[in-house]
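This report goes through one protein chain and the ligand bound to it. Please keep the sequence and the structure in view while reading.

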Amino acid sequence: MAKTDDNPLKNIIAHTKEYGYIYPSSEIYEGLSAAYDYGVYGSELKNNIKEYWWKSMVHLNENIVGIDASIFMHPTTWKASGHVDAFNDPMIDNKDSKKRYRADNLIEDYVTKIEAKINKEVDKAKKRFGDAFDEEQFRSTNPRVTANQQKIEDANSRLKSAMDSGELSDLKTLIEEVGIADPVSGSKNWTDVRQFNLMFSTELGSLAEGASKIYLRPETAQGIFVNFLNVQKTGRKKIPFGIAQIGKAFRNEIIARQFIFRMREFEQMEMQFFVKPGEEMHWYEYWKEHRMRWHKNLNLGDANYRFHDHLNLAHYANAACDIEYNFPMGFKELEGIHSRTDFDLKSHEQYSGKKLQYFDTQANESYVPYVVETSIGLDRMFLAVLSSALQEETLADGSTRSVMKIPPALAPVKVAVLPLVAKDGLPEKATAIMEDLKFDFNLQYEEKDSIGKRYRRQDAIGTPYCVTIDHDSLNDDTVTVRNRDTMEQKRISVAELKAELHEATSINRLLKQL
Ligand code: ATP
């Protein structure tokens, strides 16, 4: 049951295009880099992920409410948030390949490579020593491992101090000293490191009338901060409470690659939780734990997740970590959890001249709340689901199948309804069953090709259940239900079908396990 591993990301890209999940944007014009369109099944999967997130945040927490703010905001918003002055990435160009990279990413990739070397060394030793192997001792005494560990620590601490001080030349020196080469050409001929602002801008109004420059929001969070008082008052919320939002964000990423992992237009699911100053660390830990539970509840493999604490804290944060997922290209950020202090609200107070404070009736005092945020990229979540779902299996008879083992509650099509043959009244019986089920499930009807071929097609789409109607169905009102993952088939009565499928595929069940 191995994953297709010759190039897993390429397999995912090819499979998702062939089976209607994701198409390159404006493909008839050769596409637009880092922009993608979600297709027939992709749009459904995306909606299901959103529903799982939204219900878990907004419906299951009495103290969290949702909003849907506009993408365009008053330009001063982005002065206050720091994005106009500080939303910069340190960029470096390779003079030979003419490729541009984020300098911090090059250093992080270098660290990941050394980590992989260490892990290889540990795995080898594990095999050699068997049960007697003491990993901790090996890691702290093996000279090759400790030397590599030292390299990691040096690189991380130099990266941190260069990012903190903004000394871009230090980043270049580090890249040169550790000998980082262009991943494409192998060349070490680098330019200096420069800053590059990631916000897209456009004009509001016509140029003739004196247009003003506005930005496409680079994060959804600011729509929440500027609405803090509106929501607190109209939602009648007492601190601690949260505001959740799902929406598009735009970043002019220099190197947008790795499919939907890094896009220029993407979607975020963010929740800002407003707390009393001094209580933020408690809520930071709380949301770390809750978000990890949300992820693991999907059964994509617990070992695929890990926390990564930020070494370089953003200017607004007093604690921050990522939930990383083991994507086909390795462990990378899937979600960020940040303790943002009162930076944003205070800054908006300053720029707008409006008070953004909360009156605590118990303590009889007003204060600017602190904020703990959880921020997950919907597209990255989509990629995480696909990475674990797509599998190439060799079956008992030696044949192979491509199957997308998407968690049933998230699967785009829940049930395929298949008359065994397209005659003898079977299509009519199938249609009657569909008429009954269509209000509860996204269904698909198929009568073309052999039943085996139709099962394979549904496996490739990721449909968790196939309901087959045969001649016996006409007499005893029973059908065969085939399970995508086990390929087991069982006979059940049509009367039980809805409840059974509901139990196996509903998001509610997933939510109840949280
Ligand atoms: P990275 O370090 O990968 O650029 P980030 O730390 O800038 O990400 P945040 O600003 O914390 O990301 O944004 C929160 C979440 O939004 C990320 O965890 C990620 O899932 C998602 N995200 C950010 N940038 C992109 C992008 N260009 N394409 C897709 N998703 C993104």
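The sections below cover the ligand, one helix and three single residues.

## The model and its ligand

The structure is a predicted model. In it, 16 residues surround the ligand. The closest of them are Glu253, Arg262, Met263, Glu333 and Leu334. Sorted by class, the shell around the ligand holds 7 charged, 5 polar and 4 nonpolar residues.

Several polar backbone atoms of the protein lie beside nitrogen or oxygen atoms of the ligand. For methionine 263, a backbone N or O atom is 2.8 Å from a nitrogen atom of the ligand. For phenylalanine 261, a polar backbone atom is 3.4 Å from a nitrogen atom of the ligand. For leucine 334, a backbone N or O atom is 2.9 Å from an oxygen atom of the ligand. The ligand taken alone exposes 600 Å², and the protein buries 86% of that.

Three elements each give two or more residues to the shell: strand E10 (265-275), strand E13 (330-341) and strand E16 (370-377). The most come from E13, which gives 5 residues.

## Helix H7

Helix H7 runs over residues 143-165 and has 23 residues. From its first C-alpha to its last it reaches 33 Å, close to the 33 Å expected at 1.5 Å a residue. At the start of H7, a side-chain oxygen of asparagine 142 comes to within 2.9 Å of the backbone nitrogen of arginine 144. Just after H7, glycine 166 has a positive phi of about 75°.

Which residues of H7 are buried? They are Val145, Asn148, Ile152, Ala155, Leu159 and Ala162. Their cover includes three other helices, namely H5 (103-129), H6 (135-141) and H8 (168-177).

## Glutamate 167

Glutamate 167 sits in the loop between H7 and H8. Is glutamate 167 buried or partly exposed? Glutamate 167 counts as partly exposed because its relative accessible area is 42%, and this class lies between the limits of 20% and 50%.

Glutamate 167 and arginine 509 are 342 residues apart along the chain. Their C-alpha atoms are separated by 51 Å.

## Arginine 482

Arginine 482 belongs to strand E22, residues 478-483. With a relative accessible area of 3%, arginine 482 is buried, since buried means under 20%.

The side chains of arginine 482 and aspartate 459 are joined by a polar contact of 3.0 Å. Not counting residues up to four places away in sequence, arginine 482 touches Arg401, Tyr455, Arg456, Asp459, Pro464, Tyr465, Cys466, Met487, Glu488 and Gln489. Asp459 therefore appears both in this list of contacts and as the polar partner of arginine 482, whose relative accessible area of 3% makes it a buried residue.

## Cysteine 321

Where is cysteine 321 placed? Cysteine 321 is in strand E12, residues 319-327. Cysteine 321 is buried because its relative accessible area is 0%.

Neighbours within four places in sequence are left aside here, and cysteine 321 is then in contact with Tyr284, Lys288, Phe307, His308, Asp309, His310, Glu335, Gly336, Ile337 and His338. Cysteine 321 and histidine 502 are 181 residues apart in sequence. In space, they are 36 Å apart, C-alpha to C-alpha.

Notes
Residues are numbered from 1 along each chain as its sequence is written. This is a predicted model: local features need pLDDT of at least 70, side-chain atom pairs count only at pLDDT 80 or more; totals for chains, interfaces and linings use all residues. Side-chain values use heavy atoms; hydrogens and water are left out. A residue is near a molecule or strand if one of its heavy atoms lies within 4 Å of it. A polar contact is a pair of N or O atoms within 3.5 Å; within protein, one must be able to donate a hydrogen and the other to accept it, and residues adjacent in sequence count only if both atoms are side-chain atoms. Accessible areas come from the Shrake-Rupley method with a 1.4 Å probe; for residues, only the protein chains shown count as cover. Helices (H or I, at least four residues) and strands (E, at least two) are DSSP runs, numbered from the N terminus. Ala, Val, Leu, Ile, Met, Phe, Trp, Tyr, Cys and Pro count as nonpolar, Asp, Glu, Lys and Arg as charged, and the others, Gly among them, as polar. The expected span of a helix is 1.5 Å times one less than its number of residues. Buried means under 20% relative accessible area, exposed over 50%, partly exposed in between (1.4 Å probe, protein chains only). Contact means heavy atoms within 4.5 Å.
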